[in-house]
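Good morning, and thank you for the time on today's agenda. I would like to take you through one structure, beginning with its open spaces and then turning to the elements around them.

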Amino acid sequence: LGHGAMGQLVEVEAQRKGDEIGYIVSSKQSGTSVDELARDLHGHDVAIDFSVAGAVLKHVEACAQSGVPLVEGTTGWSQHDEAKRIVEQHNGALVYGANFSIGMNVFYRIIKDASKLFATLDQYAPFIEEAHHSRKRDAPSGTAIKLCELMTDRMGREVPVSSTRAGYIPGTHRVGFDSEADQILLTHTARSRQGFASGALLAAHWIAGRKG
């Protein structure tokens, strides 16, 4: 679902790993109704969505109706409660994340632990910096928002986020803890979109046959 840069990369990576691509939905088919899309999706093992925020709930509904588990990798959408309601109503399956990079999901855990350590040290001020290519629509990124939520929950204070959109940057996220005496900086840098595609396919194989 979605055949832009990420969708095309997922297609190539899936075929390279021996998976069969049964159906591709591009932006040209944005007018397709939920019922029509559900019929076209029926019988597939899993769907992967890297489209646009405005199409997410439609894709969730269509997949849930057709009984196809969905890996939701689109960024910039926030109707998580509504998506869960739709999935539960149809006894479907959905896994979503702000970033499917395996390295980033390890990075989340590192930031959780670091935030706990710094929660009791008032002299350190937390901050987040993120940078992406100029074509990325949402700012701050979904990953930066997720990092901010993780840090705020554990530190009990506001964490500022700054965003840069320029050139061809695949994605860089920096989490810092700054004091008068020193600064600690933790950085995740994506060298390409390959990690996102690999993580989404890993999730697709994991969710096939599951519910919830």
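Let me begin with the second largest pocket, which is lined by 30 residues; those nearest its centre are Tyr96, Gly97, Ala98, Tyr108 and Lys146. Please keep in mind throughout that this is a predicted model. The volume of this second largest pocket comes to about 790 Å³. Which elements supply at least two residues each of its lining? They are β3, spanning 94-96, α5, spanning 102-118, α6, and α7, spanning 194-207. Sorted by class, the lining of the second largest pocket holds 13 nonpolar, eleven polar and six charged residues.

The largest pocket has a volume of about 1,100 Å³. Its lining is made up of 44 residues, and Met6, Phe50, Ser51, Thr75 and Arg137 are the ones that lie nearest the centre. Three helices each contribute at least two residues to the lining of the largest pocket: α1 at 5-16, α3 at 56-66 and α6 at 142-155. Of the elements involved, α1 gives the most, with three residues. The class composition of the lining of the largest pocket is 14 nonpolar, 24 polar and six charged residues. The helix α6 therefore appears in both lists, as a contributor to the largest pocket and to the second largest pocket.

While we are at α1, I would point out one side-chain contact. Arg16 and Glu13 form a salt bridge, with a nitrogen-to-oxygen distance of 2.7 Å. Why are these two residues about one helical turn from each other? The reason is that Arg16 and Glu13 are three residues apart in helix α1. Over the whole structure, the search returns five salt bridges.

I now turn to the enclosed space. How many cavities of 30 Å³ or more are counted? The count is one. The largest cavity contains about 30 Å³ of space. Its lining consists of Val60, Cys63, Ala64, Val68, Leu70, Val87, Gly92, Ala93 and Leu94. By class, that lining has eight nonpolar residues, one polar residue and no charged residues. The largest share of the lining of the largest cavity, three residues, is provided by α3.

The helix α3 leads us to the sheets. It lies across β1 and β2, and its direction makes an angle of about 165 degrees with β2. The sheet in question is open and has three strands in the order β1-β2-β3, with parallel pairing. At its edges stand β1, residues 47-49, and β3; each has a single partner strand, so one side of each is left without a neighbour in the sheet. From one strand to the next, the twist averages 15 degrees. Strand β2, residues 70-72, is joined to β3 by three bridges, and the two run parallel. Within this pairing, Val71 stands opposite Val95 in β3.

As a general reminder, strands of a sheet pair through backbone hydrogen bonds, in either a parallel or an antiparallel manner.

The other sheet is also open, and is formed by four strands in the order β5-β4-β6-β7 with mixed pairing. Here β5, at 161-165, and β7, at 183-189, occupy the edges; each has a single partner strand, so one side of each has no neighbour in the sheet. Neighbouring strands of this sheet are turned against each other by 15 degrees on average, with direction ignored.

Strands β6 and β7 deserve a few further words. How many bridges join strand β6, residues 172-178, to β7? There are seven, and the two strands run antiparallel. Among the partners, Thr172 is bridged to Thr189 in β7, and Val175 stands opposite Leu186, also in β7. The connection from β6 to β7 is a hairpin through four residues.

Finally, α5 lies across β6 and β7, running at about 165 degrees to β7. This returns us to our starting point, since α5 is also one of the elements that supply at least two residues to the lining of the second largest pocket. Thank you; I would be glad to take your questions.

Technical notes
Residues are numbered from 1 along each chain as its sequence is written. This is a predicted model: local features need pLDDT of at least 70, side-chain atom pairs count only at pLDDT 80 or more; totals for chains, interfaces and linings use all residues. Side-chain values use heavy atoms; hydrogens and water are left out. On a 1 Å grid over the protein atoms alone, a cavity is a set of points where a 1.4 Å probe fits but cannot get out, and a pocket is an open set with protein on both sides within 12 Å along at least five of seven lines; lining residues have an atom within 4 Å of a point. Grid points are joined across faces, edges and corners, and a volume is the space filled by probe spheres set on the points. Ala, Val, Leu, Ile, Met, Phe, Trp, Tyr, Cys and Pro count as nonpolar, Asp, Glu, Lys and Arg as charged, and the others, Gly among them, as polar. Two strands pair if DSSP finds at least two bridges between them. Axes are lines fitted to C-alpha atoms, for helices over the stretch in contact, and angles run from 0 to 180 degrees between N-to-C directions. Contact means heavy atoms within 4.5 Å. A salt bridge is a side-chain nitrogen of Lys or Arg within 4 Å of a carboxyl oxygen of Asp or Glu.
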